[in-house]
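Visitor: I would like to learn how to read a protein model, one feature at a time. Could you take me through this one slowly?

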Amino acid sequence: MPSKPDTCIILHDCRFLTTSPRSNVTASQVGGPDHSGLRKPFEEIPRLSSSAPEAFSSLKNVTFDGSPDIISRIFFAFPANRAIQSATLRMHGLYTNADIALVLSGVVAAVSKESLQKIIITSVLSNNDLSHWDADSGIDTRQFILDIHAIEPALQFQNLDIFSACLGVPLYLTDEDHLRIAQTWRSVQLLYLSSIVQRVIRTHKPPASIASLVHYARYCHRLKALGLCLDASTKASVDACVQAVDACGESIPETNFSLPSPSIQMVEFGPSWLECNFDPVQINF
């Protein structure tokens, strides 16, 4: 397959996958150079489910590189319920909640809820993006505050082993969001919630407290690596953690729950607020 394919042509001609032993598809620089001389990209792409429900039946791993709109169109061109196990989605630039959710909604439309085990979604900011962010260019950085709405479609895949979102800016999730994620992805082993970033909104404090760590220890017994953004800079955050620990002690038999979690090997705090003016030993695990 060419390194810079006309993805529109691939989608029309890739019915070979129904009999081919190949199980991987990679489309690089999707939506890049204009191939209008051949065919207008993504104009009237048919949904293959109506004509070839067996198409892509052997497909296991996909990697797409492009804009949210283009990647989502590719997935919406697939028949539904493909037994894909891994989806790697690469974007470039600053995007909103709606943009990220659009990509993941495409995955939901095409992929079986039972088969998918890994989602890796990234967006790399260019030098131009960074200079616009840093300069007094009038850009409203608040529109790029990402929260649970960005990744909510992915919560439909409850069998994930890996979910990694590195989107250039943090995911500002609440304790309630982290609780919901932990209760949904109980078998997850690697969970990165945009803890590796290129820029932050300095005036926007992370809404989650240290209590979020308790939720993952309580529900995700296979979790080995966790990356998240939280606020550990106030006594209120510590108090919330103490309350969460106490609540676990009251509701869970000691044999089924322990803090710190025996499975977690690494926690990446990334852009978390960690300056503290209190004694952390007051949290007793």
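Guide: What follows is a short tour, from the whole chain to its helices, its core and its aromatic rings. Please keep in mind throughout that this is a predicted model.

Visitor: Where should I begin, and how many helices and strands does the protein chain have?

Guide: A good start is to list the regular elements, and here the protein chain has eight helices and eight strands. You can then ask how much of the chain is hidden, and of its 285 residues 49% count as buried. A further view comes from the contacts with a separation of 6 or more, of which 85% in this chain are accounted for by residues 24 or more positions apart.

Visitor: How do I read a nonpolar core, and which members of the largest one touch the most other members?

Guide: The general idea is that in soluble globular proteins, nonpolar side chains tend to be buried together. In this model the largest nonpolar core holds 64 residues, and the members that touch the most others are F163, I181, L191 and Y216. Helix α3, residues 97-110, gives this core its largest share, which is six residues.

Visitor: If I pick L191, what is it in contact with beyond its neighbours in sequence?

Guide: Once the residues within four places in sequence are set aside, L191 is in contact with F163, I181 and Y216, and also with W185, L223, A225, L226 and G227. Another residue to compare in position is L160, whose C-alpha lies 9.6 Å from that of L191 although the two are 31 residues apart in sequence. L160 sits in the loop between α5 and β5, and because its relative accessibility is 0%, L160 counts as buried. Leaving out residues up to four places away, L160 touches L116, Q117, K118, I119, A154, W185, S187 and V188.

Visitor: How do I describe two helices that meet, for example the axes of α6 and α7?

Guide: You look at the distance between the axes and at the angle at which they cross. For helix α6, residues 175-184, and helix α7, residues 211-219, the axes come within 9 Å and cross at roughly 10°. An angle under 35 degrees counts as roughly parallel, so α6 is roughly parallel to α7. On the α6 side the contact is made by D175, H178, L179, I181, A182 and Q183, while α7 brings A211, S212, H215, Y216 and Y219. Sorted by class, the residues of this contact are six nonpolar, four polar and one charged.

Visitor: Is H215, which has a place in helix α7, buried or exposed?

Guide: To answer, compare the relative accessibility with the cut-off for buried, which is under 20%. H215 has 13%, and therefore counts as buried. Apart from neighbours within four places in sequence, H215 is in contact with D175, H178, L179, A182 and C220. The helix around it can be read in the same spirit: seven of the nine residues of α7 are buried, so α7 is largely enclosed by the rest of the structure.

Visitor: How do the axes of α2 and α3 cross?

Guide: The axes of α2 and α3 come within 8 Å and also cross at roughly 10°, so that α2 is roughly parallel to α3. Here P68, D69, I71, S72, F75 and F76 of α2 meet D99, L102, V103, S105, G106, V107, A109 and A110 of α3. This contact has nine nonpolar, three polar and two charged residues. As for burial, seven of the 10 residues of α2 are buried, so α2 is largely enclosed by the rest of the structure.

Visitor: Finally, how many aromatic pairs are there?

Guide: With aromatic pairs, you read the distance between ring centres together with the angle between ring planes. The count comes to five aromatic pairs. One of them is F64 with F75, an edge-to-face pair at 5.4 Å centre to centre with 85° between the planes. F64 belongs to strand β2 and F75 to helix α2, and they are 11 residues apart. F64 is buried, with a relative accessible area of 2%, and F75 is buried as well, at 0%. F64, F75 and F78 form one aromatic cluster.

Conventions
Residues numbered from 1 in each chain as written. Predicted model: local features only at pLDDT ≥ 70, side-chain atom pairs only at ≥ 80, totals over all residues. Heavy atoms only, no water. Core = buried A, V, L, I, M, F, W, Y, C linked by side-chain atoms within 4.5 Å. Buried < 20%, exposed > 50% of the residue type's maximum accessible area, 1.4 Å probe, protein only. Helix = DSSP H or I, 4+ residues; strand = E, 2+ residues; numbered from the N terminus. Contact = heavy atoms within 4.5 Å. Axes fitted to C-alpha atoms, helices over the stretch in contact; angles between N-to-C directions. Parallel < 35°, antiparallel > 145°, perpendicular 65-115°, else oblique. Nonpolar A, V, L, I, M, F, W, Y, C, P; charged D, E, K, R; others polar. Phe/Tyr/Trp six-rings, centres within 6.5 Å; stacked < 30°, edge-to-face > 60°.
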